[in-house]
Amino acid sequence: MGEIINVTVWNEFRHEKIHEEVAKVYPDGIHNAIGNFLKKQPGLEIRTATLDEPEHGLTQEVLDNTDVLIWWGHMAHNEVKDEIVDRVYNRVLNGMGLIVLHSGHLSKIFRKLMGTGCNLKWREAGERERIWVVEPGHPIADGLGEYFEIPHTEMYGERFDIPRPDELVFISWFKGGEVFRSGCCFYRGKGKIFYFRPGHETFPIYYQSEVQRVIYNAVKWTAPVKGPEGHFGNVKPLEDI
Ligand code: ZN
């Protein structure tokens, strides 16, 4: 404890430049909206990176100095270079935490880490979402009530084509009747991944206190721990056989 967690908030940052209704909600971009509330939390060092920066802002040096990477993308998943995806993938296997938000479910990096299509149902009707905490002892649920609500959101519905999560923290219910696994934890190599559903670009969801609390909790949960190094290959026995 007491050590600083280095967080990089990555955003595609295209909707905000192209769509006026999105720019109204996130004038400085979704990455800065997320970065700004995380900066108010203790023990975190925040930087941001975006798609149109050289190497998408994710140089090897940046990634080597990132404990937790937060990923928001939607309209330009295919513009993310495969070599950068591989770089992020290898960092996750080596222990970097990854938080994938909302439409990041179809990002190259999430699909590569999951190994499935990661598609889902959706509807943009501004309906209500009730997010139930189904694993109240999980660190990502810290400080939350039994459920919280997002008054206006885009619906995501099952089936969500992911492998069975290692831990499931949230299940959403939507006014239109669908349900969705909204908070999913995965272990890949030494890395931890958290998928969190809320966050459509035209709704002010990242300003909501419960959503911010979940992201902060997830940063702490996905942050690397000082576990033992894995040793592989042929070994001598520890005891006489
Ligand atoms: Zn969306």
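This passage walks through a predicted model of a protein chain with a zinc ion, from the overall fold to single residues.

To begin with the whole chain, the secondary structure amounts to seven helices and nine strands. The radius of gyration is 18 Å, close to the 18 Å that the globule rule gives for 241 residues, so the chain is as compact as a globular protein of that length. Along the principal axes, the C-alpha trace spans about 65 × 40 × 35 Å. Of the 241 residues, 52% are buried. The contacts tell a further part of the story: among those with a separation of 6 or more, 71% are between residues 24 or more positions apart.

The strands come next. An open sheet of nine strands, with mixed pairing, follows the order β2-β1-β3-β4-β9-β8-β7-β5-β6. Which strands form the edges? They are β2 (44–50) and β6 (147–157), each of which pairs on one side only. From one strand to the next, the twist averages 25 degrees.

Several neighbours in this sheet can be followed pair by pair. Strand β5, residues 121–133, and strand β7, residues 167–174, run antiparallel to one another and pair over five bridges. Here Val133 is found opposite Phe170 in β7. Strand β7 also pairs with β8, again in the antiparallel sense, over six bridges. Within that pairing, Ser172 has Phe180 in β8 as its bridge partner. The hairpin of β7 and β8 has four residues between the strands, and Gly177 in this hairpin takes a positive phi near 115 degrees.

Strand β8 then pairs with β9 in the antiparallel sense, over six bridges. Arg188 stands across from Gly191 in β9. In the hairpin of β8 and β9 there are two residues between the strands, and Gly189 has a positive phi near 60 degrees. Is β8 buried or exposed? Eight of the ten residues of β8 are buried, so this strand is largely enclosed by the rest of the structure.

Helix α7 (209–222) is a useful one to look at alongside the sheet. Which strands does α7 touch? The helix packs on the sheet and touches β1 (5–11), β2, β3 (68–72), β4, β6, β7, β8 (179–188) and β9. The direction of α7 makes about 165 degrees with that of β9. A simple length check can be made here: at 1.5 Å a residue, the 14 residues of α7 should span 20 Å, and the end C-alpha atoms are 20 Å apart, which agrees. Helix α7 is also mostly covered, with ten of its 14 residues buried. Among these buried residues are Val211, Val214, Ile215, Val219 and Trp221, together with Gln212, Asn217 and Thr222.

Attention now turns to the metal. Which residues are the protein donors of the zinc ion? They are His102, through NE2, Glu154, through OE, and His200, through ND1, at 2.0 to 2.1 Å from the ion. Written as a spacing pattern along the sequence, the donor residues read H-x51-E-x45-H. The two histidines link distant parts of the chain, being 98 residues apart. His102 sits in the loop between β4 (97–101) and α6 (108–114), whereas His200 sits in the loop between β9 (191–196) and α7. Both of these histidines, His102 and His200, are buried.

Finally, a few places in the backbone deserve a look of their own. The peptide bond from Glu158 to Arg159 is cis, with omega near 15 degrees. Arg159 belongs to the loop between β6 and β7. Phe13 has a positive phi of about 60 degrees, although this residue is not a glycine. Its place is the loop between β1 and α1 (15–18). His56, another residue other than glycine, also has a positive phi, near 60 degrees. This histidine lies in the loop between β2 and α4 (60–64). Is His56 buried or exposed? With a relative accessible area of 5%, His56 falls under the 20% cut-off, and therefore counts as buried.

How values were computed
Residues numbered from 1 in each chain as written. Predicted model: local features only at pLDDT ≥ 70, side-chain atom pairs only at ≥ 80, totals over all residues. Heavy atoms only, no water. Donors = N, O, S within 2.8 Å, 3.2 Å for Na, K, Ca; no water. Buried < 20%, exposed > 50% of the residue type's maximum accessible area, 1.4 Å probe, protein only. Pairing = 2+ DSSP bridges. Axes fitted to C-alpha atoms, helices over the stretch in contact; angles between N-to-C directions. Contact = heavy atoms within 4.5 Å. Expected span 1.5 Å × (residues − 1). Rg over C-alpha atoms; globule rule 2.2 N^0.38 Å.
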